[in-house]
Amino acid sequence: MGQASSSTPSHRKGGDLSSNFEDFFKEFKMERKILSQETITSIQSYLVNGDLRRAVSVISDALRDMEDVPVNTAVTGESGTGKSSFINALRRVDHEDVGAAPTGVVETTFVRTPYKHPKFPNVTLWDLPGVGTTTFPPQTYLKKMKFGEYDFFIIISATRFKDNDVFLATEIRKMKKNFCFVRSKVDSDLHNLEISKSSTFDKHEILQQIRDDCVTHLQEANVGDPQIFLVSSFELSGYDLQSLETAMLRGLPAHKRHIFMQYLPNVTEADIDWKRDVLRQKIWLEALKAGPSALMPFLIFFSDKDVKKLEETLTLYRSYFGLDDASLETIAKDLHVSVEKLKANLTSPHLLSVEKVDESLEEKLFSYVEKFCSVNGGPIARGIYFRENFYMQNYFLETVVSDAKVLL
């Protein structure tokens, strides 16, 4: 009889966690989830059966894979289409910066060259030599360029997409990998047409004509439902760059989205919300891995070690959303204001500083926990308490997200 009563609470706790886990992940669209459906189902199954140990094992493996996994994107196409300029644009580096991909009016890329993101080294963009030249004929191009090593492909053209581009798309599709087409240098086309046809110039109409022309030629070449994005390497906020980066994210395996999402810029509120959703999932998984707490979060003591870890977390989140000190200095310079004035309009830089004489840092941290729980409820509303870092990480995240939107 004692055996039966001891097993019941364990199973009930597993059921509660399972219900919370299922409800939480239902909040996110499939393309925003950082776990594959197979992994979600596996964790769910263990939680339903009260096997927290195996659920934690799966979560630990998933978290480790997220942090260590590389994301490799190949930028390919014919010679002279602006691949190197495009890579610099994706990495947010100027052409004259140290480590920028070399650009010029003649072919500058003769070997496949990796370019890591300046802040997120797990994200690598590969600048591939132009296909279809005497040096790189289509027949040997895929093997020489090691196409099997990339997660996603961008086929770029500065004019119409040609036979070589269709060849690349066909071969990539055979590999069951994702790709998209980028029509580059649209700013140059618009500039030339505005000069030559100033009286009838219509920017939106011309862009639609370019897009329709690309789609027509690709469909005639039996490339079904081509994804086409019009971009300029010199006007990042214009045209389709944001949509392209979203497509790249959707085209990646679920466990690689966390790494790639970190690198995306804050162009719109939707970008910021997508980053937040990815990090919310990671925080939840880390909380499950650490295990539920027997104490309500208001009864937890913050040690010096806890505070140090919270400082590191806040610094990391600020970096993810472009709110680290170095980024704020750049923004302040662009806006012609002092860094101090910029920070005065933000909350996250001051979260762990104590301004009031009669308030300790620990009291301030408890106030954050109370604020988060009163607004969000979450697991607490269902009688499940996580360790203090769960509440602090979520509060830090929401604060940083709010600051990022202030700077749009």
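A cavity is defined, on a 1 Å grid over the protein atoms alone, as a set of points where a 1.4 Å probe fits but cannot get out. A pocket is an open set with protein on both sides within 12 Å along at least five of seven lines, and lining residues have an atom within 4 Å of a point. Grid points are joined across faces, edges and corners, and a volume is the space filled by probe spheres set on the points. The model is predicted: local features need pLDDT of at least 70, side-chain atom pairs count only at pLDDT 80 or more, and totals for chains, interfaces and linings use all residues. Residues are numbered from 1 along each chain as its sequence is written, and side-chain values use heavy atoms, with hydrogens and water left out.

The protein chain contains 16 helices and six strands. These are DSSP runs, numbered from the N terminus (helices H or I, at least four residues; strands E, at least two). Of its 408 residues, 48% count as buried (under 20% relative accessible area with a 1.4 Å probe, protein chains only; exposed is over 50%, partly exposed in between). Contacts (heavy atoms within 4.5 Å) are dominated by distant partners: 68% of those with a separation of 6 or more join residues 24 or more positions apart.

Two cavities of 30 Å³ or more were found in a search of the whole structure. The largest has a volume of about 60 Å³. Its lining comprises Gln242, Glu245, Thr246, Met261, Leu264, Pro265, Val267, Asp271 and Trp274. Helix 9 and helix 11 each supply at least two of these residues. Helix 9 has the largest share, three residues. Five lining residues are nonpolar, two polar and two charged. In this classification Ala, Val, Leu, Ile, Met, Phe, Trp, Tyr, Cys and Pro are nonpolar, Asp, Glu, Lys and Arg are charged, and the others, Gly among them, are polar.

Helix 9 spans residues 241-250. Seven of its ten residues are buried, so the helix is largely enclosed by the rest of the structure. The buried residues are Leu241, Leu244, Glu245, Thr246, Ala247, Met248 and Leu249. Glu245 and Thr246 also line the largest cavity.

The second largest cavity has a volume of about 40 Å³. His258, Met261, Gln262, Lys275, Val278, Leu279 and Tyr320 line it. Helix 10 and helix 11 are the elements that give two or more residues to this lining. By class it has four nonpolar, two polar and one charged residues. Met261 appears in the linings of both cavities. Lys275 also takes part in a contact with a ring: its charged end sits over phenylalanine 321, 5.5 Å from the ring centre. The criterion is NZ of Lys or CZ of Arg within 6 Å of the ring centre and within 35 degrees of the ring normal.

The largest pocket has a volume of about 1,200 Å³. It is lined by 41 residues, of which Arg92, Pro265, Asn266, Thr330 and Ile331 are the closest to its centre. Two or more lining residues come from each of helix 4 (83-90), helix 10 (257-263), helix 12 (304-320) and helix 13 (325-335). Helix 13 makes the largest contribution, six residues. The lining divides into 21 nonpolar, twelve polar and eight charged residues.

The second largest pocket holds about 530 Å³. Among its 22 lining residues, Glu286, Lys309, Thr313, Asn389 and Gln393 are the closest to the centre. Helix 10, helix 11 (269-290), helix 12 and helix 16 (388-406) each supply at least two. Helix 12 gives the most, eight residues. This lining has eight nonpolar, five polar and nine charged residues.

Aromatic pairs number 15. Rings of Phe, Tyr and Trp (its six-membered ring) pair if their centres lie within 6.5 Å; planes under 30 degrees apart count as stacked, over 60 as edge-to-face and the rest as tilted. Phenylalanine 24 and phenylalanine 28 are edge-to-face, 5.1 Å centre to centre with 70 degrees between the planes. Both are buried. Phenylalanine 24 also pairs with tryptophan 284: the centres are 4.8 Å apart and the planes at 25 degrees, so this pair is stacked. It links helix 1 (residues 2-26) to helix 11, across 260 residues of chain. Tryptophan 284 is buried as well.

Trp126, Phe136, Tyr141, Phe147, Tyr150 and Phe153 form one aromatic cluster. The charged end of arginine 112 sits over the ring of tryptophan 126, 4.3 Å from its centre.
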